[in-house]
Amino acid sequence: QRFYVDRAERAGYEGRLPDPQLTVGAINVPTDSWRLDAEDMTMLMVGVRQSFPPGNTLKLREQRAREEHAREVARNDLEQRNLLRQVRLNWLEIYYQEEALRQIAETRRLQQKQLEATEGRFRAAQEPPQAVFKARALLAYNHLRVPKEIRPGPQAERDTAAIVVQRHRPDAHPHVHPAAV
């Protein structure tokens, strides 16, 4: 914030005349005695100098400085908005990944229940063996879907997605039996 206040103040100074210069000097001072009244050619000089830029130079400089300040403020605002947008997109991507994992876990749980029910009906001679094979194949297919479902989207970081996939490995779920796969 201080940077932008300084830039705004500088824009005001650009439109002012430069500082006057005070000139003080001594001319033809004898080097052997260093006395100012020893010779007639010895002089003291005191002067004030002020430069006046031609035309509308001051007004144009001030206008240019104000435009540069406005451009810097706009650039900073754009960077803040882009950063906020990127953070929001990353949070949405994380939410999507977590929700996809939750959906996959719920699907696995339901498929496991369906497999158990199908095996029970098979034992009671109400289902053919193909129904049990089909239920096991669906559960196995669901295990294979995790790496395809959980991958970095266009805005997600690869490292974050790799951590999410590792944390939710198929064998990490206690309600899914590896023997059923």
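This is a short walk through one predicted protein model, from its overall layout down to single side chains.

Okay, so, the layout. We have four helices and two strands in the protein chain, and going along the sequence they come in the order α-β-β-α-α-α. The chain has 181 residues, and buried ones make up 20% of them. As for the surface, the protein chain exposes about 14,000 Å², with carbon and sulfur atoms supplying 56% of that. One more global number: take the contacts with a separation of 6 or more, and 69% of them are between residues 24 or more positions apart.

Let's start with the strands. β1 covers 21-27 and β2 covers 43-49, and each of them gives at least two residues to a nonpolar patch. That patch sits on the surface, measures up at about 480 Å², and is made by Leu-22, Val-24, Val-46 and Val-48. Take Val-46 as an example: this valine belongs to strand β2, and with a relative accessibility of 68% it counts as exposed.

While we're here, look at the loop between β1 and β2, where you'll find Asn-28. Asn-28 isn't a glycine, yet its phi is positive, about 55°. Its relative accessibility is 45%, so Asn-28 counts as partly exposed.

Now to helix α2, which runs over residues 57-123. How far does α2 reach from its first C-alpha to its last? The answer is 98 Å over 67 residues, close to the 99 Å expected at 1.5 Å a residue.

Let me go along α2 and stop at a few side chains. Glu-68 and Arg-64 form a salt bridge, at 4.0 Å from N to O. Why are those two about one helical turn from each other? Because they are four residues apart in helix α2. For background, an α-helix has 3.6 residues a turn, so residues three or four places apart point the same way. Both ends of this pair are partly exposed: Glu-68 has a relative accessible area of 22%, and Arg-64 has 48%.

Further on, Arg-102 is also in helix α2. Its side chain makes a polar contact with the side chain of Glu-99, at 2.6 Å. At 46% relative accessibility, Arg-102 is another partly exposed one.

Then there's Glu-106, which has a salt bridge to Arg-109 with the closest N and O atoms 2.6 Å apart. Here the spacing is three residues in helix α2, so again the partners are separated by about one helical turn. Glu-106 is partly exposed at 30% relative accessible area, and Arg-109 counts as partly exposed at 30% as well.

Next stop, Gln-111, still in α2. Buried or exposed, what would you say for Gln-111? Buried: its relative accessible area is 16%, and the cut-off for buried is under 20%. As for what Gln-111 touches, leaving aside residues up to four places away in sequence, the neighbours are Leu-138, Leu-139 and Asn-142.

That takes us to what comes after the helix. α2 is followed by Ala-125, which lies in the loop between α2 and α3, the latter being 129-149. Like the asparagine we saw earlier, Ala-125 is not a glycine but has a positive phi, in this case about 65°. Ala-125 is exposed, with 68% relative accessibility.

Around here we also get a salt bridge between Arg-121 and Glu-127, where the closest N and O atoms are 3.1 Å apart. Arg-121 is partly exposed at 32% relative accessibility, and Glu-127 is partly exposed at 25%. There's a network to point out too: Glu-119, Arg-123 and Arg-136 are joined into one by salt bridges that share partners. In total, the count of salt bridges comes to 10.

So, what to take a second look at on the screen? I'd pick the nonpolar patch that β1 and β2 contribute to, the buried Gln-111, and the network of Glu-119, Arg-123 and Arg-136. And please remember that all of this comes from a predicted model. Thanks, that's me done.

Definitions and conventions: Residues are numbered from 1 along each chain as its sequence is written. This is a predicted model: local features need pLDDT of at least 70, side-chain atom pairs count only at pLDDT 80 or more; totals for chains, interfaces and linings use all residues. Side-chain values use heavy atoms; hydrogens and water are left out. Buried means under 20% relative accessible area, exposed over 50%, partly exposed in between (1.4 Å probe, protein chains only). A polar contact is a pair of N or O atoms within 3.5 Å; within protein, one must be able to donate a hydrogen and the other to accept it, and residues adjacent in sequence count only if both atoms are side-chain atoms. Contact means heavy atoms within 4.5 Å. The expected span of a helix is 1.5 Å times one less than its number of residues. Patches are made of residues with over 30% relative accessible area and no salt bridge: like charges are joined within 9 Å, nonpolar side chains (Val, Leu, Ile, Met, Phe, Trp, Tyr) within 5 Å. Accessible areas come from the Shrake-Rupley method with a 1.4 Å probe; for residues, only the protein chains shown count as cover.
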